[in-house]
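Me: Got a minute to walk through a fold with me? I'll put it up here.

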Amino acid sequence: MNRKVIYLLGFAAAVGLGHVGTILGAPRAIMHVAIQKMSDGGKQVNQFTFGPRTTSHSRGVVRPSPDLLYSSCVYDVSRGPIRVSAAPSPDNGYVSLSVFDARTDNVAVFDSNQFPQGIAFVLAKAGQKVPEGMPVVISPSDRGVILDRRLAPSAELFAKVDPARRADSCAPL
């Protein structure tokens with residue numbers, strides 16, 4: 001075989017392997033960094049942390065919406081399921097809980113339009129024993145992030161919504 005063809009095939013194989021490696025590895029690497037930042041190096045797991053009011057300088061992970069108030073829970077279901085709950089916001093304000101796995105995939109979304117009295121579910125891995133009577137979300141990974149977003153476009157609304165989000169729970173059963 002011609003030497004140029006061999007080099008070209010080797011280059012194409014390296015590019016193909018690099019592409020596949022990036023597609024498979026980048027989401028896990030991104031989420032690993034996010035989990036480390038959000039959990040204070042793994043110190044705050046299976047508990048919500050509450051971000052400050054969003055300003056034009058806020059840049060924790062992505063460019064956040066100034067109309068939303070953010071809380072997050074880095075979860076770990078390797079030792080068993082966790083119960084997640086979010087109280088409704090005052091004045092029927094909008095609440096959204098999103099579950100992301102270790103590859104950044106959105107696994108589930110719950111919002112106050114579906115659950116106006118508050119959101120509650122169990123997060124588990126496949127095969128774990130879970131209680132009956134609550135929605136169950138199966139995480140394809142041991143770790144990930146739950147993101148709580150609440151509508152709070154003004155300082156006055158922030159003051160009303162902040163106490164409600166502090167009732168959020170993300171804890172082992």
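What follows is a quick run through the sheets, the helices and a few single residues.

Reply: Fine. Keep in mind that this is a predicted model.

Me: Start with the open sheet. How many strands, and in what order?

Reply: The open sheet has 5 strands, in the order 1-2-8-4-5. The pairing is antiparallel.

Me: Which strands stand at the edges?

Reply: Strand 1 (48–50) and strand 5 (106–111). Each has a single partner strand, so one side of each lacks a neighbour in the sheet.

Me: And what does the twist average?

Reply: The twist averages 20 degrees from one strand to the next.

Me: How many bridges join strand 4 to strand 5?

Reply: There are 5 bridges between strand 4 (residues 95–101) and strand 5, and the two run antiparallel. One bridge pair is Leu-97 with Phe-110, the latter in strand 5.

Me: What lies across that sheet?

Reply: Helix 1 does: it lies across strand 1, strand 2 (68–76), strand 4 and strand 8 (143–151). Its angle to strand 8 is about 65 degrees.

Me: Which strands does helix 2 touch?

Reply: Helix 2 (residues 155–165) packs on the sheet and touches strand 1, strand 2 and strand 8. The direction of helix 2 makes about 20 degrees with that of strand 2.

Me: Back to helix 1. Where is Phe-11, and is Phe-11 buried or exposed?

Reply: Phe-11 is in helix 1, which spans residues 3–38. Phe-11 counts as exposed because its relative accessibility is 57%, and the cut-off for exposed is over 50%.

Me: What patch is Phe-11 part of?

Reply: A nonpolar surface patch of about 330 Å², made by Leu-8, Phe-11 and Val-15.

Me: New topic, strand 3. Mostly covered or mostly open?

Reply: Mostly covered. Strand 3 (residues 82–86) has 4 of its 5 residues buried.

Me: Which strands does strand 3 pair with?

Reply: Strand 6 (residues 119–124) pairs with strand 3 over 5 bridges, in the antiparallel sense. Strand 9 (residues 169–172) pairs with strand 3 over 4 bridges, also antiparallel.

Me: Which residues stand opposite Ile-82 and Val-84?

Reply: Ile-82 faces Leu-123 in strand 6. Val-84 faces Cys-170 in strand 9.

Me: Now backbone angles. What's phi of Asn-92?

Reply: Near 55 degrees, which is positive in a residue other than glycine. Asn-92 sits in the loop between strand 3 and strand 4. Asn-92 counts as exposed because its relative accessibility is 73%.

Me: And what about Thr-104?

Reply: Phi of Thr-104 is near 75 degrees, again a positive value in a residue other than glycine. The loop between strand 4 and strand 5 holds Thr-104. Thr-104 is partly exposed, at 34% relative accessible area.

Me: Last one, Asp-168. Where is Asp-168, and buried or exposed?

Reply: Asp-168 lies in the loop between helix 2 and strand 9. Asp-168 counts as buried because its relative accessibility is 9%, and buried means under 20%.

Me: What is Asp-168 in contact with?

Reply: Leaving aside neighbours within four places in sequence, the contacts of Asp-168 are Phe-48, Phe-50, Ser-71, Ser-85, Ala-86, Ala-87, Asp-148 and Arg-150.

Me: And how far apart are Asp-168 and Pro-88?

Reply: In sequence, Asp-168 and Pro-88 are 80 residues apart. In space they are 9.5 Å apart, C-alpha to C-alpha.

Note on methods:
Residues are numbered from 1 along each chain as its sequence is written. This is a predicted model: local features need pLDDT of at least 70, side-chain atom pairs count only at pLDDT 80 or more; totals for chains, interfaces and linings use all residues. Side-chain values use heavy atoms; hydrogens and water are left out. Patches are made of residues with over 30% relative accessible area and no salt bridge: like charges are joined within 9 Å, nonpolar side chains (Val, Leu, Ile, Met, Phe, Trp, Tyr) within 5 Å. Accessible areas come from the Shrake-Rupley method with a 1.4 Å probe; for residues, only the protein chains shown count as cover. A salt bridge is a side-chain nitrogen of Lys or Arg within 4 Å of a carboxyl oxygen of Asp or Glu. Buried means under 20% relative accessible area, exposed over 50%, partly exposed in between (1.4 Å probe, protein chains only). Two strands pair if DSSP finds at least two bridges between them. Axes are lines fitted to C-alpha atoms, for helices over the stretch in contact, and angles run from 0 to 180 degrees between N-to-C directions. Contact means heavy atoms within 4.5 Å.
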